[in-house]
Amino acid sequence: MEGDRDRGLLYDSDPPSPPLSPPPPLSLTFFDRERHVTFLEMMYHMLPYHYQSQEINHLTLAYFVISGLDILDALDRISIQNGSHLASTYCALAILKIVGYNLSNMDSESILTSMRSLQQPDGSFMPIHIGAERDLRFLYCAAAICFMLNNWNGMDREKAKEYILNCQSYDGGFGLTPGSESHGGATYCAIASLRLMGFIGDDCLSNASAPSSKANIQSLLDWSLQRQVADGGIQGRPNKPSDTCYAFWIGATMGTLGANKFIDEKALRSFLLTCQSECGGFGKFPQELPDLYHSYYGLAAFSILGEAGLKPLCLELGVTEAAATGL
Ligand SMILES: [Zn+2]
């Protein structure tokens, strides 16, 4: 795995090449509706790739594209079935749940049918229908989508579980793909997915050797615990500096396994406070400027640590318990 993947955990890092054939010459004599539709359609498909450095603006950009297509009376040119990115669908549904929308009002069958066709023979998921990498991030998105829609027709859970288990590395952590290096974000995706799919129960630790679960929980706990380092913070991989977001990725993994008590919470809290910014939010490292991604996971980590005044999290879904349960 190259570089620091945590910044865009839910987004692809390798943009696909756009088609290079030059467009026909522009007519300046009429309103070229078709050209605008094509342009917006292209933007719709490329948003997850080309704007990954502008995470804050994703929804705003999506609004411009979708409302623009609506003005052009061309909404039929895009659809969940052939255009949507699994990560965007996950984010959109999570937002709807947070604002209290009843997802049973949605036409979930079309989302699920489309999603099921994204699952590969090895159990993994591609995020879109064409030319994309596949790994645990998208499997997690698929599991979270099924969980939120309360309908598992969108995936073959047994195959998905098989893929996840194949991603566990010799050292106990999980890589994004089978055989790749263990990584905090991938480990979260693996354990949270297993939990969402119902393969990890509340009594996970007491059943750590149950034959139904082939994940090696003990070595996973050992690997996860070793990620908390001398400064109290948590790293995503061995020999990397502590980073705010892994307080969530690893903390939520431990929490899902019922093993929070093994984390030195006092030391972790002290580390996170050094990453808290004077302007609000959290930076990736101590004394760094805040960014949205690390601010969110910093807050989430403080919730896991039981900070007064913060709502408890549904660890496996990454939203508050209240949003997850619809209460
Ligand atoms: Zn990070």
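# Note on side-chain contacts in a predicted model

1. The structure holds seven salt bridges. The model is a predicted one, and the points below go through its charged pairs, its rings, its nonpolar cores and its cysteines. Side chains of opposite charge can pair when their charged atoms come close.

2. One salt bridge joins the side chains of Asp122 and Arg134, with 2.8 Å from N to O. Asp122 and Arg134 are 12 residues apart, and each sits in the loop between helix H5 (108-116) and H6. Asp122 is partly exposed, at a relative accessible area of 31%. Arg134 is also partly exposed, at 35%.

3. Arg195 and Glu316 form another salt bridge, and their closest N and O atoms are 3.6 Å apart. This pair links distant parts of the chain, with the two positions 121 residues apart in numbering. Arg195 belongs to helix H8 (residues 184-196), while Glu316 lies in the loop between strand E1 (313-314) and strand E2 (319-320). How accessible is Glu316, buried or exposed? Glu316 has a relative accessible area of 14% and therefore counts as buried, the cut-off being under 20%.

4. Glu307 and Arg269 meet through their side chains in a salt bridge of 3.1 Å, N to O. Glu307 is in the loop between H12 and E1, and Arg269 is in helix H11 (residues 265-275), 38 residues apart. Both ends are partly exposed: Glu307 has a relative accessible area of 28%, and Arg269 has one of 33%.

5. Salt bridges also link Glu133, Asp135 and Arg137 into a network. Two further charged side chains lie over rings. Lys161 is over the face of Phe199, at 4.6 Å from the ring centre. Arg227 is over the face of Trp223, at 4.9 Å from the ring centre.

6. A search of the whole structure gives 10 aromatic pairs. One of them is Tyr90 with Tyr140, an edge-to-face pair with 5.7 Å centre to centre and 65 degrees between the planes. Tyr90 is in helix H4 (residues 86-98) and Tyr140 in helix H6, so named by their order from the N terminus; the pair links distant parts of the chain, 50 residues apart. Tyr90 and Tyr140 are both buried.

7. Phe248 and Tyr297 make a tilted aromatic pair, at 5.1 Å centre to centre and with 35 degrees between the planes. Here helix H10 (residues 244-256), which holds Phe248, is linked to helix H12 (residues 292-304), which holds Tyr297. The two residues are 49 apart in the chain, and both are buried.

8. Which residues do ring pairs link into a cluster? The cluster consists of Tyr90, Tyr140, Tyr188, Phe248, Trp249, Tyr293, Tyr296 and Tyr297. The two pairs described above, Tyr90 with Tyr140 and Phe248 with Tyr297, have their residues in this cluster.

9. Thr253 is in helix H10. With a relative accessible area of 1%, Thr253 is buried. Leaving out residues up to four places away in sequence, Thr253 touches Thr187, Tyr188, Ile191, Ser224 and Phe248. Tyr188 and Phe248 are also among the residues of the ring cluster.

10. The largest nonpolar core has 77 residues, of which Leu86, Phe125, Leu136, Met155, Phe174 and Phe248 touch the most other members. Helix H6 (residues 136-149) gives the most to this core, with 12 residues. A second core, separate from that one, has eight residues, including Leu40, Tyr44, Leu69 and Leu72.

11. What does Met155 touch, residues up to four places away in sequence not being counted? The contacts are Arg116, Gln119, Phe125, Leu139, Ala142, Ala143, Cys146, Ala160 and Met197. Phe125 is, with Met155, one of the residues that touch the most other members of the largest core.

12. The structure holds zero disulfides. Why does Cys189 have no such bond? The closest cysteine sulfur to that of Cys189 is in Cys141, and at 7.3 Å it is too far for a bond, because a disulfide requires sulfur atoms within 2.5 Å. Cys189 is buried, with a relative accessible area of 0%. Cys167 is buried as well, at 1% relative accessibility.

Technical notes: Residues are numbered from 1 along each chain as its sequence is written. This is a predicted model: local features need pLDDT of at least 70, side-chain atom pairs count only at pLDDT 80 or more; totals for chains, interfaces and linings use all residues. Side-chain values use heavy atoms; hydrogens and water are left out. A nonpolar core is a set of buried Ala, Val, Leu, Ile, Met, Phe, Trp, Tyr and Cys residues joined through side-chain atoms within 4.5 Å. Buried means under 20% relative accessible area, exposed over 50%, partly exposed in between (1.4 Å probe, protein chains only). Helices (H or I, at least four residues) and strands (E, at least two) are DSSP runs, numbered from the N terminus. Contact means heavy atoms within 4.5 Å. Rings of Phe, Tyr and Trp (its six-membered ring) pair if their centres lie within 6.5 Å; planes under 30 degrees apart count as stacked, over 60 as edge-to-face and the rest as tilted. A charge sits over a ring if NZ of Lys or CZ of Arg is within 6 Å of the ring centre and within 35 degrees of the ring normal. A salt bridge is a side-chain nitrogen of Lys or Arg within 4 Å of a carboxyl oxygen of Asp or Glu.
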